[in-house]
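Thanks for asking me to look at this one with you. Here are my notes, written to be read beside the model.

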Amino acid sequence: MWLTPSEHPVGSGRPGYTGELFADLVAVTGLDEGSSVLEVGCGTGQATRSLAALGCSVTAVEPGADMAALARRRLASFREVDVERSAFEEWDDRGRRFDVLVAASSWHWVDPSTGWQRAHDVLSPGGWMALLGHVVVRLPGEPEVYAETVDLHEQFCPGNPGWGHPPLEDEVRTTDEGWGLADGPGELFGPTIVRWYPAVQWFNGDGFADHLRSLSLYRRLDLDVREPLLDAVAERIRTRMGDRASRRYLSVLRVGQRAK
């Protein structure tokens with residue numbers, strides 16, 4: 001279960017995935033200790049650890065050398081986990097077939113022109129594909145950092161098309177069909193089952209600025225633009241928001257069964 005706003009630690013990093021999400025994944029796909037899972041883009045192994053804890057065998061494919069090495073170290077205690085370094089599109093499956101394919105906040109890096117067919121091909125008949133992700137959202141009427149700092153963003157980096165309010169939570173919850181991507185799998189997979197899991201993190205000003213430093217939208221900025229902007233954002237949170245700012249998420253599970 002996610003912690004309530006009053007219980008969640010201030011200044012924590014990006015959220016993980018809830019136990020409820022993995023329980024639903026098990027309920028939908030029938031995962032058990034005898035199942036085989038292919039994880040595409042495991043990163044540092046955050047979701048991999050939860051999959052391994054279910055007792056199933058996990059083959060995790062990660063294209064980044066540093067990420068793959070870190071995942072191996074973090075997952076060394078799980079005997080049924082194997083981390084292989086490769087892009088999914090070029091990965092040698094060696095004829096292996098899997099019961100479930102999982103991609104946690106990583107499928108958008110896969111080339112859709114080949115990735116969906118590859119996913120279909122490496123799954124056993126009746127296998128399942130699951131996409132996990134997070135969407136930043138806002139609640140109506142709740143103070144939100146971008147709304148409180150829009151003038152600062154325009155001052156330090158004017159006209160950036162990435163600046164803007166997160167969508168309303170209720171608006172996001174209406175997107176219950178498909179895979180949530182522009183390029184879907186066509187008829188390779190059956191209808192999707194979609195589940196949402198709300199979460200909130202609380203930050204002080206410095207913690208929120210550190211969080212933004214981890215996001216690609218801000219990492220792409222020149223250092224002499226990013227740091228004055230984030231220093232100003234932190235100060236605005238301290239002076240205008242009582243040094244307490246929320247980052248709301250909807251975690252999402254999208255699951256579909258391999259078509260014959």
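The points below go from the whole chain to single residues.

1. A word on the source before anything else: this is a predicted model, so please read every value here as computed from predicted coordinates.

2. Let's start with the overall make-up. The protein chain contains nine helices and seven strands. Its radius of gyration is 20 Å, close to the 18 Å that the globule rule gives for 260 residues, so the chain is as compact as a globular protein of that length. If you would like a box to picture, the C-alpha atoms fill one of roughly 60 × 35 × 35 Å along the principal axes.

3. How does the chain hold together across its sequence? Of the contacts between residues at least 6 apart in sequence, 74% join residues at least 24 apart. Buried residues account for 48% of the 260.

4. Turning to the surface, the chain exposes about 12,900 Å², and carbon and sulfur atoms supply 50% of that area. On the charge side, there are 27 positive and 38 negative charges, and the mean positions of the two sets are 3 Å apart.

5. Now for the interior. In soluble globular proteins, nonpolar side chains tend to be buried together. Here the largest nonpolar core has 28 residues, and those with the most contacts inside it are F22, L25, V37, V83, V102, L132 and L253. Helices and strands both feed it: α1 (19–29), α2 (46–53), β2 (57–62), α3 (65–74), β3 (81–85), β4 (98–104), β5 (123–137) and β7 (245–257) each supply at least two residues. The biggest contributor is α1, which gives four residues.

6. V83 is a handy residue to click on if you want to explore that core. Leaving out residues up to four places away in sequence, V83 touches C42, A60, A68, A71, R72 and L75. Apart from this core lies another one, of 20 residues, with F208, A209, Y218 and L230 among them.

7. Is I193 a buried or an exposed residue, or something in between? With a relative accessible area of 31%, I193 is partly exposed, because that value falls between the 20% and 50% cut-offs. I193 sits in strand β6 (residues 193–203). Beyond residues up to four places away, I193 touches V28, W128, L253, R254 and V255; of these, L253 is also listed among the residues with the most contacts inside the largest core. In contrast to those contacts, G162 is 31 residues from I193 along the chain, and their C-alpha atoms are separated by 30 Å.

8. S124 belongs to strand β5. Its relative accessibility is 18%, so S124 counts as buried, the cut-off being under 20%. Setting aside neighbours within four places in sequence, S124 is in contact with R97, F98, D99 and R258.

9. Finally, two backbone angles deserve a look. Most residues other than glycine have a negative phi. R94 has a positive phi, near 50°, and lies in the loop between β3 and β4. R94 is exposed, with a relative accessible area of 55%. S105 also has a positive phi, of about 55°, although it is not a glycine. The loop between β4 and α4 (112–122) holds S105, which is partly exposed at 36% relative accessible area.

Technical notes: Residues numbered from 1 in each chain as written. Predicted model: local features only at pLDDT ≥ 70, side-chain atom pairs only at ≥ 80, totals over all residues. Heavy atoms only, no water. Rg over C-alpha atoms; globule rule 2.2 N^0.38 Å. Buried < 20%, exposed > 50% of the residue type's maximum accessible area, 1.4 Å probe, protein only. Contact = heavy atoms within 4.5 Å. Areas by Shrake-Rupley, 256 points an atom, 1.4 Å probe, with all protein chains shown as cover. Lys, Arg positive; Asp, Glu negative; His and termini not counted. Charge placed at Lys NZ, Arg CZ, Asp CG, Glu CD. Core = buried A, V, L, I, M, F, W, Y, C linked by side-chain atoms within 4.5 Å.
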